[in-house]
Amino acid sequence: MREILYRIVEWIAQCHNYLLKLNDAYEYNFSDKQLHFLVIGCIGMLILLITYPIFRLLAKHKMYLTITGVYSFTVIIVLTFAIEIGQRLSNTGTMEFADIMYGVMGFLTIFVAAAIAKGVYLLLKYVIKQIKKSQNTKDIPISQNADKVNIENTQNTDSINGDI
């Protein structure tokens, strides 16, 4: 187990160094905290995209995004701590709590944006469905509507007369 953890730490350190080289090579000049914000935010959304269909199959309630968001959030917390510990052990960066917070905030920001986008999509879908539904009731000829009303009135009258 120890060997596996060291390999994971080495892999994370290599990824960290690669991203720093990219940052330097293309002169983006992102700070360590900005890189944590972007990278952890994207990793969090990747985890969300993987867990969403799995949780959707397992969930009995219609709160799939919430369930996967909570799960992804917990994984991001663990992952950011692991990255910071790995940086400390491998001497590839300084171990700072602020890096963890920036990483988590990156995920939360992107998650909220995705949740808002889904909410807008569901709202538009609902509005379009309601518009189509109202157009379908207008397409029924008046004579058919009148027949339905007369049948209902006759039934109501019969039940009233039978009760008296």
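A residue counts as partly exposed when its relative accessible area falls between the buried range, under 20%, and the exposed range, over 50%. In this predicted model, Glu 96 comes out at 31%, so it belongs in that middle class.

Glu 96 is also a good way into the charged pairs. Searching the whole structure turns up three salt bridges. In one of them, the side chain of Glu 96 meets that of Lys 33, at 3.3 Å from N to O. Lys 33 sits in helix H2 (residues 32-58) and Glu 96 in the loop between H3 and H4, so this pair ties together parts 63 residues apart in sequence. Lys 33 has a second partner, Asp 99, at 3.2 Å from N to O. Here the link runs from helix H2 to helix H4, across 66 residues. Shared partners thus join Lys 33, Glu 96 and Asp 99 into one network. As for cover, Lys 33 is partly exposed at 23%, while Asp 99 is buried at 0%.

The remaining pair is a local affair: Glu 3 bridges to Arg 7, with the closest N and O atoms 2.7 Å apart. Both lie in helix H1 (residues 2-25), four residues or about one turn apart. Arg 7 is exposed, with a relative accessible area of 55%.

Then there is the greasy side of things. Phe 81, Ile 85, Leu 89, Met 95, Phe 97 and Met 101 make up a nonpolar surface patch, together offering about 590 Å² of accessible area. Helices H3 (64-90) and H4 (97-138) each supply two or more of these residues, with H3 giving the most, three. Met 101, in helix H4, is partly exposed at 35%.

Conventions
Residues are numbered from 1 along each chain as its sequence is written. This is a predicted model: local features need pLDDT of at least 70, side-chain atom pairs count only at pLDDT 80 or more; totals for chains, interfaces and linings use all residues. Side-chain values use heavy atoms; hydrogens and water are left out. Patches are made of residues with over 30% relative accessible area and no salt bridge: like charges are joined within 9 Å, nonpolar side chains (Val, Leu, Ile, Met, Phe, Trp, Tyr) within 5 Å. Accessible areas come from the Shrake-Rupley method with a 1.4 Å probe; for residues, only the protein chains shown count as cover. A salt bridge is a side-chain nitrogen of Lys or Arg within 4 Å of a carboxyl oxygen of Asp or Glu. Buried means under 20% relative accessible area, exposed over 50%, partly exposed in between (1.4 Å probe, protein chains only).
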